[in-house]
Amino acid sequence: MIPHVVIAGRPNVGKSTLFNRLAGARIALVADTPGVTRDRKEAECVLAGTKVLLVDTAGLEEAAPDTLPGRMRASTSLAVENADLVLFVFDARAGLLPEDHHFATWLRRTGKPVLVVANKAEGRGGATAAMEAYELGLGEPCAISAEHNEGIYNLMTEIADRL
Ligand code: GDP
Ligand code: MG
């Protein structure tokens, strides 16, 4: 079966931008409003020679399941359950927020392979900001800028290496 690569993280870190970048098309809706991606979006794509099913998720948020954020979280849980690799995306400019730590802990408990992706790490200082994520204990963070197309090929090879 084609490996599932699931993009997860709190709202507004750039998951859908990364999805579009990796899928090579503007499929997912990107917006300045956090949590605007209501539905899971999937695309088959080839990353560094490896065919994967890429899955964009709505932002992970703590909420009651009968609210919209709660349902978004449930769909994210389902996507992660089916994942062969989870890309845990955080905003390197904002740094790790309590929400990021919370969901990193949640992800660790799922036992799924996780690759930490430090997005918005464009330009000088980007790689340094990314290093903060070592403290998550989820391995070496991969510094990228989804919007400015930096570090994307390296990320693709990191993904392919883990499948
Ligand atoms: P999502 O909620 O995690 O799916 O985040 P989106 O992909 O919708 O992006 C949220 C905001 O972050 C948008 O305004 C994007 O343009 C912006 N963004 C995404 N990637 C980058 C990046 O690499 N650098 C910067 N500076 N902004 C980014
Ligand atoms: Mg989104």
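**View 1. Buried and exposed residues of helix 3 in the predicted model.** Asp100, Phe103, Ala104 and Leu107 are the buried residues shown in helix 3. They lie on the same side of the helix, because the arc they cover around the axis is only 110 degrees. Residues three or four places apart in an α-helix point the same way, since there are 3.6 residues a turn. Pro98, Thr105 and Arg109 are exposed on the other side of helix 3. The packing partners of the buried residues are strand 4 (85-91) and strand 5 (114-119).

**View 2. Length and end of helix 3 (residues 98-110).** With 13 residues at 1.5 Å a residue, helix 3 should span 18 Å; the end C-alpha atoms are 19 Å apart, which agrees. Gly111, just after the helix, has a positive phi of about 75 degrees.

**View 3. The open sheet of 6 strands.** The strand order is 2-3-1-4-5-6, and the pairing is mixed. Strand 2 (41-47) and strand 6 (142-143) are at the edges; each has a single partner strand, so one side of each is left without a neighbour in the sheet. Strand 1 (residues 4-8) runs parallel to strand 4, joined to it by 4 bridges. Ile7 has Leu87 of strand 4 as its bridge partner. Helix 5 (residues 152-162) packs on the sheet and touches strands including strand 1 and strand 6; its direction makes about 170 degrees with that of strand 5.

**View 4. Val6 in the largest nonpolar core.** This core has 38 residues, and Val6, Val86, Leu87, Phe88, Val117 and Ala118 have the most contacts inside it. Leaving aside residues up to four places away in sequence, Val6 touches Val55, Thr57, Ala79, Val80, Ala83, Val86 and Leu87.

How values were computed. Residues numbered from 1 in each chain as written. Chains lettered and ligands numbered in written order. Predicted model: local features only at pLDDT ≥ 70, side-chain atom pairs only at ≥ 80, totals over all residues. Core = buried A, V, L, I, M, F, W, Y, C linked by C-beta atoms within 7 Å. Buried ≥ 20, exposed ≤ 12 C-beta atoms within 10 Å, placed from the backbone. Contact = placed C-beta atoms within 7 Å. Helix = DSSP H or I, 4+ residues; strand = E, 2+ residues; numbered from the N terminus. Expected span 1.5 Å × (residues − 1). Arc of directions from axis to C-beta. Pairing = 2+ DSSP bridges. Axes fitted to C-alpha atoms, helices over the stretch in contact; angles between N-to-C directions.
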